[in-house]
Amino acid sequence: MNHKYRHKAAFVATVLFLQGACFLPGLASAAGTVDTSQEEAAVRKAEQDLLVAQNNLIQAQRALIAKQRLALQQATGKSNSEISSSPSNIPIAVASSDGNKIRPYATAPVIRPVELPIETESVPEPLKPTILPGKQAVQNEATTAPAVKMPKTVNVADIQQMIVRNHGVLAREEKDIYTTEAAIPFTFTGFSRRESVDAVLDALRTVNGRATFFVTEGEMRKYEDAVRDVLRDGQELALCIYPKPTESVADICADIIRGKELLKTKYGVDTQLVKQFSGVVRKETQEAVAATGNRLVGARINAVRSHHKDYPSAEKILPEIFGVGVPSATRGGIINIRMDWYTKPDLAAELFLYIKRKKIDNIAYNAFGDVSSVNPANDSAYALRSIGDILADTSHLWTYPVPKDHYLPHLAMHPLISPQATHEQLVDILAGRYIGEHTVKEDRVIGFTAKDFEKLDLTGTIKTDEPVIFLTFDDWAYDNSINKLLYVLRKHHVPATFFILTHNMIYNPNLLRAIAMEGHDIGSHTNLHKPMATENEKGKEVPTESYEEYYTDVKTSYERLESVLGDLKWQDGSPVLTKMMRPPTLAISDMGTRVILENGFEYIVNGHTSTEDYAAPDLETEIKRIRDGLYYRGKVRKGAVFVMHMTDAAKYTAIALDIILTENEKKADGDPTKFRVGQLSQYLNGDYSQAKTEKQLRHERRKIKWWS
């Protein structure tokens, strides 16, 4: 039986059943005094259920007929009226093989095989008392069918070809612009309230900022004055779309093309930037953006929260959108604010300024008499740039992750030791590859004996006759702390080595790329920061991970660093990414050092002086700790490696280095206390060996062993 007639038969049967049921209470009453309240309630419930079922059937039929008419119209090029006069051309719906969805016969080409569910809606509350089964006529489906408004410059066939040529590619929702430029892009949506738009424009003028304003097709027509004011202020305009949940890929393509046409003809703006106004971005939207050759813009920080509508101040909103553990914005991370959402008209502008003051201004270096807004040479502040401006600066753009076919061949890892190597062989190889630390033999050690340490270097210094020292920084952090270090190093033209903890780095790869682009070495500090050895509650050193876990951890860290730096090299052709590893807490073990060498890392680098800057109580203490490591008997401690940190907790490190480097530059050449900062990779180049000479070994053996 045809699907349509089965529905009608079921409907008639239900009506007859309910009509018969209506007589039963009366018959029962004639036979005696019977309580009919339950039966009457059941009848009323059945009537309501039937009402809902009938409405659902009507809505489903309308949706189905509308889809069929639209498909036929696209296939034949006929108008809606022509199709209505030729009902025999409408394809008949049949049940699919899965018994759930309704599909039309393949009498018309389908633009994209996207199955859209038929939405079911309940009867509106005001109509429930008045609509009874069979009393409400079905409206003309042609008047309720959703019609796609086609752009002037293309037709259905053009859009079909776009979709076919795209081969189903989905545009990535870009929440970050992958750039090393010290800039943060803001985006704004919502033009419906003029005073809010004016307040945001005033705020941008105040801070000399440029942002991207995304405007919908409807807003372009309805709020023309506000849109033109955005352009007159020198801000960027781009397209905002609001796809309905039932729109197909073709529908959204038409929306995008139509919106871009209006933006160009009415405002003279040609853009490839498209943003969805709100809601979850569906795959249909991603495909439509890709098919039309545009970029889909998202947000790293989306300030719009439904419960913020009546909030009185930006101070209350800020912790909820950034989180208490996020001290700053990120380089290239997009921040979106909706202008017309808040009850308070100027709250969007207030929020923008508050974000800048609390999460962007704190990224700049302002210390030691060097203030970014006063000193023209201080370039540490992040600029507020539009998305278009950042994308136009191609010298700073890059692709994340770096395609593997762009990796430098020198980055390939080659094991320095085999899994079958004996402990003695491990120690012999480690002797040439380990830059130790003098306390790491009494604790934070598993599997090495005092005899082993006679072969291993514990000075933490690189072999050199020059007054050169090396600056290294561990862990990972946000822009507010790392950018200050970068500025101080850039100010004094000195290189450093950053040992990166990678499990959080992936959320801010722009910053790592920027560190490398400024001329600094990059090494690994593992992925999860699990030390090789740690002390348990009984005071015994124990491992934190198994061999397999540590192997995976170390391997993952290098792969993540490659994904950001795999294509970068120095002018001499050597990779920026080094094969140096800094063990967490400087601890070592037999198993852990094996894993590092088996993975192909060439050097395990601790150091001479750990300033413990993460716990320095004040600036004076941090300066003293650095100076204590710098000098020995009134001269520079040659080859000293300094272990410092890039985290927010090391709050005095950048200032202390600025002071020390400034004073060092004032010293005359030949001063025995004047040092030079070297680049670690130029010394630890693969051929370098830290192994003790025979003379050093003899000297070690002849040392008097004092009782402890």
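## A first look

Of the 708 residues in this protein, 48% count as buried, where buried means under 20% relative accessible area, exposed over 50%, and partly exposed in between, for a 1.4 Å probe and protein chains only. This is a predicted model, in which local features need pLDDT of at least 70 and side-chain atom pairs count only at pLDDT 80 or more, while totals for chains, interfaces and linings use all residues. Residues are numbered from 1 along each chain as its sequence is written, and side-chain values use heavy atoms, with hydrogens and water left out.

The protein holds 22 helices and 26 strands; these are DSSP runs numbered from the N terminus, with at least four residues for a helix (H or I) and at least two for a strand (E). About 35100 Å² of the protein is exposed, and carbon and sulfur atoms supply 54% of that area, as given by the Shrake-Rupley method with a 1.4 Å probe. Take contacts (heavy atoms within 4.5 Å) between residues at least 6 apart in sequence: 79% of them join residues at least 24 apart.

## Strands around E10

A good place to start exploring is strand E10, residues 335-338. Strand E4 (residues 183-189) pairs with E10 in the parallel sense over four bridges, and Phe188 stands opposite Ile337 there. Pairing here requires at least two bridges found by DSSP between two strands.

Strand E9 (residues 301-302) also pairs with E10 in the parallel sense, over two bridges, with Asn302 opposite Asn336. Together with helix H11 (residues 314-322), E9 and E10 make a right-handed β-α-β unit. Right-handed means that, with the strands pointing away from the viewer, the path from the first strand over the helix to the second runs clockwise.

## The nonpolar core

The largest nonpolar core has 145 residues, and Phe186, Phe213 and Ile522 have the most contacts inside it. Helix H9 (residues 249-267) gives the most to this core, with ten residues. Such a core is a set of buried Ala, Val, Leu, Ile, Met, Phe, Trp, Tyr and Cys residues joined through side-chain atoms within 4.5 Å.

Beyond its neighbours within four places in sequence, Phe186 touches several residues, including Ile335, Ile337, Phe352 and Leu384.

## A visit to Ile626

Ile626 sits in helix H20, residues 619-630. Ile626 counts as buried because its relative accessible area is 3%.

Setting aside neighbours within four places in sequence, Ile626 is in contact with Thr611, Phe642, Met644, Ala656, Leu657 and Ile660. Val643 is 17 residues away along the chain, and its C-alpha atom is separated from that of Ile626 by 9.8 Å.
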